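Work through the exercises below with the sequence and the structure at hand. Each task is followed by a solution that goes step by step.

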Amino acid sequence: MKLRTTLLHLPVVGLCLLWALILAMAGTAHAEVPKTFPALQTEHEVLSVHAATDLSAMEPLIRDFQILNPNTRVEFTEYVTNDLYAAAAKACQDGSALGDVLLSSSVDQLVKLANDGCARDVRSPETVMAPRWANWRNEVFGFTFEPVVFVYNREKVPAEDVPSTHLELADLLRLKPEAYRGRVGTYDIRQSGIGYLLAFNDSQQTTTTYGRLLESLGRAQAVVRCCTGEILDELEAGRILIGYNMLASYAYARVRAGADLGIVMPADYTLVLSRGAMVPSQARNANAAARFVSYLLSARGQEVAQRDGFFFGFGGETPPGIEGASSIVQTGVARPITISPALLAVQDDERRRRFIADWSRSLVEMSPE
Amino acid sequence: MARREPSLSTRLIVLISVVLTLGAAALTTAAWYYARAAANEAYDRLLVGAAYQMAEAVNVQGGTLTVELPVSAFELLALSDRDRIFYKIVDARGRTLTGYGNLATPESDAPALGSPDVQDGKFKGAAVRVAKTARYFSDPSVQGRVDVVVAQTTEARTALARELTLRAVALIAAMSALALGGAVFAIRYALRPIGRVGAALRDRDPHDVTPVTVSTPRELRPFVSATNEFIARLRSRMDLMQQFIADAAHQIRTPLTALKAQVELLSRQTMDPQGRQHLRRVQERVDQLSRLANQLLSHAMVNHRAGAVPLEPVDVVEIVRRAIREAVPDTLDRDILTALELPPLPVEVIADAISLKEAVKNVIDNAVRHGAATQLTLRVREQPGMVEIEVEDDGPGIPPELWSQVTERFGSSSPNGSGLGLSIAADVLTAHGGNLNFRDRNEDGFAVIMRLPSRMRQNR
């Protein structure tokens with residue numbers, strides 16, 4: 001059942017993302033047509049979720065939320081991170097409403113929105129329970145725990161090639177340029193906010209390793225894509241062998257669905273992203289939005305997310321079949337991206353421009369693509 | 001009718017409470033100001049630190065200004081974890097290099113070398129603190145001043161100021177409670193002498209007209225001395241009255257003596273039995289009158305001396321001897337055997353000798369006049385803690401139901417008595433801390449017993 005839904009949705013999602021991309025490039029941020037989850041009983045209210053998150057991961061959570069709130073119709077609109085941010089920032093500036101809940105893996109953008117006064121604070125027993133590093137001002141909450149991993153095609157990458165650290169990945173690309181040229185994929189940070197956030201955090205972790213990795217990726221003519229999904233598609237198809245800076249939750253969903261993919265938690269450090277949820281200050285149905293955010297943070301919501309949506313828990317619990325450190329939290333390998341105003345440095349226009357320019361110079365302009 | 005005044009301690013406590021409350025309010029306000037200043041100073045340092053770090057990140061590269069804002073600057077500001085951060089970097093031509101272009105640059109002419117300027121401001125509807133620092137470039141390609149403006153909302157500092165104030169308020173409240181408790185205790189303690197003076201006045205003997213001698217704090221002295229002045233006036237009035245009675249008695253005695261002499265002369269004349277009987281009645285009445293005058297005089301004297309004359313050690317035996325000598329009249333219509341049973345050694349008590357003698361005289365006089373048929377015995381006995389003077393006679397005595405009555409003024413109703421004698425004796429003994437008692441008739445006769453505290457007991 002689960003498998004079928006995923007497979008059925010994939011081409012649609014892909015197409016729509018492409019469509020969104022085209023529109024984004026045309027200068028206007030547009031999302032696809034919202035997916036509606038009708039109220040289970042008589043409809044009393046509508047909750048509009050605008051998300052830069054795969055619907056397949058969110059769907060179990062929305063359905064479970066509706067069991068608790070049977071009179072709520074949920075409309076789910078999907079975006080790419082940058083488009084969501086652009087739309088939300090514009091709505092905030094105009095004082096108009098964009099949805100009741102914003103979900104984005106690019107938490108730095110949500111922090112920026114909250115810093116600009118575009119968020120509404122949410123207080124409930126559940127929000128108080130959220131870890132400190134995943135809660136800023138009771139306005140931006142991290143509701144998932146998603147390690148950032150390497151994903152490889154088990155069939156085509158020999159076991160001895162599988163990198164376990166960032167440095168090993170850089171070395172692998174340098175030592176076997178023929179095997180991996182044009183067959184390593186990562187985010188296009190010009191289009192993807194989450195890609196930029198992850199790359200920025202990589203650069204903050206170890207400057208030298210990041211430099212070498214960037215150089216190696218450039219030399220290996222790495223393939224850059226807007227979204228994890230596209231890279232995972234190509235990995236499954238065998239066109240790409242190794243994916244770098246992939247979100248473990250999406251990758252694990254593919255593994256569960258039968259794809260022959262391997263997932264590695266880097267042993268030197270593993271970035272951990274906590275997907276952000278925020279209620280915009282102009283939300284039409286702030287009440288339901290607060291309930292939804294509280295649900296996402298509640299024990300029940302977390303359990304559903306860990307079982308069907310994002311597969312990892314705040315305690316660092318790892319589902320079976322993941323390579324690398326078994327518990328990244330206990331071994332100290334985990335580097336959670338703290339949801340705090342420090343992320344504003346990531347969102348600084350000038351710094352972002354320069355960072356992306358450097359990245360593009362190394363990765364895109366060098367490759368003949 | 002006088003309005004009921006609130007008590008002194010209530011007034012004091014209310015006043016002190018008001019003062020303490022006002023003081024606490026003033027201190028709380030001061031604490032709030034200090035706390036806010038302290039919180040501002042603490043967080044301003046972070047703000048300035050972040051501004052310096054940002055200024056440091058401005059560089060000239062290839063002839064243009066570049067900024068690569070360090071994450072650490074934001075981490076520094078994120079130490080106040082709920083506050084929002086706004087910043088901008090403006091080049092010499094006023095172009096915003098990065099950050100919030102619409103953030104106002106605080107107007108100040110602080111010199112470049114001076115400490116950076118931190119001000120209160122407002123941005124996006126929120127109260128902020130704004131720090132400004134500048135960096136000067138004199139590169140061939142880039143010249144002039146680059147301003148770095150960093151603003152942060154004030155939630156953390158307000159929270160800190162509030163917490164500091166709350167702690168101060170807790171201390172102030174505790175201190176005020178302590179002060180109030182101390183004040184209540186001190187007021188109670190300080191007002192205690194008033195109660196003492198009141199008790200001393202209340203517990204006084206109604207006849208006591210000596211000055212109040214309770215030791216009092218200086219503040220109460222006017223009150224006590226006014227009371228004493230009043231007592232002195234009362235006493236002089238009483239003295240005047242006693243004096244008047246004494247004078248009157250004295251004045252009456254002279255014509256009485258003349259009258260007696262005349263009656264005496266008249267009795268030597270021959271006259272018919274009817275006339276002689278009338279004359280004898282006149283003689284009796286004159287005697288009665290002269291005795292009354294004597295007793296009034298004695299009463300006035302005793303009363304005058306009570307409380308006015310200092311008591312001193314006297315020999316009771318000697319007093320009794322003198323009393324009997326003076327009391328037993330030379331002329332009596334019957335023979336009375338007078339016996340004295342006195343100890344060989346002097347028996348000392350603290351007393352006024354004249355008053356005491358007067359008391360004993362009156363008791364003897366009373367016995368001779370109303371009781372003793374043939375026998376009168378005087379005894380002085382030392383009992384533990386007291387001295388007894390016993391006057392015993394073989395007369396009919398006084399029935400017990402009249403004992404309490406006869407010691408009151410004019411309380412006895414004997415046909416030829418004034419009714420003052422025993423009351424004078426009782427007054428004297430009471431003034432000496434003793435008392436007057438009776439012993440009912442037995443084989444020896446009826447006795448009046450005067451008890452005085454012995455000297456030993458008084459010394460104790």
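**Exercise 1.** In this predicted model, decide whether B:Ala170 counts as buried or exposed, and state which helix holds B:Ala170.

*Solution.* Begin with the neighbour count, which for B:Ala170 is 10 C-beta neighbours inside 10 Å. A residue is exposed if that count is 12 or fewer, and therefore B:Ala170 counts as exposed. Next, locate the residue along the chain: B:Ala170 is found in helix 3 of chain B, which covers residues 155-202. Finally, consider B:Thr28, which is 142 residues away from B:Ala170 in sequence, while the C-alpha atoms of the two are 9.7 Å apart in space.

**Exercise 2.** Work out how helix 4 of chain B and helix 5 of chain B are oriented to each other, parallel or antiparallel.

*Solution.* Two packed helices are described by the angle between their axes and the distance between the axes. Here helix 4 (residues 221-268) of chain B packs against helix 5 (residues 273-305) of chain B at an angle of about 155 degrees, and the axes are 8 Å apart. Angles over 145 degrees count as roughly antiparallel, and helix 4 of chain B and helix 5 of chain B are therefore roughly antiparallel to each other. Their crossing is left-handed, and the residues of this contact divide into 17 nonpolar, seven polar and three charged.

**Exercise 3.** Find which residues of helix 5 of chain B are buried, and what covers them.

*Solution.* Consider the helix as a whole before its residues: helix 5 of chain B has 33 residues and reaches 48 Å from its first C-alpha to its last, close to the 48 Å expected at 1.5 Å a residue. Its buried residues are B:Ala293, B:Asn294, B:Gln295, B:Leu296, B:Ser298, B:His299, B:Ala300, B:Val302 and B:Asn303. What covers these buried residues includes helix 4, helix 7 (353-371) and helix 9 (421-431) of chain B.

**Exercise 4.** Apply the reasoning about angles to helix 6 of chain A and helix 9 of chain A, and name the residues that meet.

*Solution.* Helix 6 (residues 166-175) of chain A and helix 9 (residues 207-219) of chain A pack at an angle of about 30 degrees, with their axes 9 Å apart. Since angles under 35 degrees count as roughly parallel, these two helices of chain A are therefore roughly parallel to each other, and their crossing is left-handed. On the side of helix 6 of chain A, the residues that take part are A:His166, A:Leu167, A:Leu169, A:Ala170, A:Leu173 and A:Arg174, and they meet A:Thr209, A:Arg212, A:Leu213, A:Ser216, A:Leu217 and A:Arg219 in helix 9 of chain A. By class, the residues of this contact divide into six nonpolar, three polar and three charged.

**Exercise 5.** Describe the contact between the two chains: how many residues does each chain give, and which element gives the largest share of the side of chain B that touches chain A?

*Solution.* The contact takes 19 residues from chain B and 15 residues from chain A. On the side of chain B, the elements that give two or more residues are strand 2 (64-67), helix 2 (71-77) and strand 4 (96-99) of chain B. The largest share, four residues, comes from helix 2 of chain B. Sorted by class, the side of chain B that touches chain A has ten nonpolar, three polar and six charged residues.

Conventions: Residues numbered from 1 in each chain as written. Chains lettered and ligands numbered in written order. Predicted model: local features only at pLDDT ≥ 70, side-chain atom pairs only at ≥ 80, totals over all residues. Contact = placed C-beta atoms within 7 Å. Nonpolar A, V, L, I, M, F, W, Y, C, P; charged D, E, K, R; others polar. Axes fitted to C-alpha atoms, helices over the stretch in contact; angles between N-to-C directions. Parallel < 35°, antiparallel > 145°, perpendicular 65-115°, else oblique. Left-handed = near helix turned anticlockwise from the far one by under 90°. Buried ≥ 20, exposed ≤ 12 C-beta atoms within 10 Å, placed from the backbone. Expected span 1.5 Å × (residues − 1).
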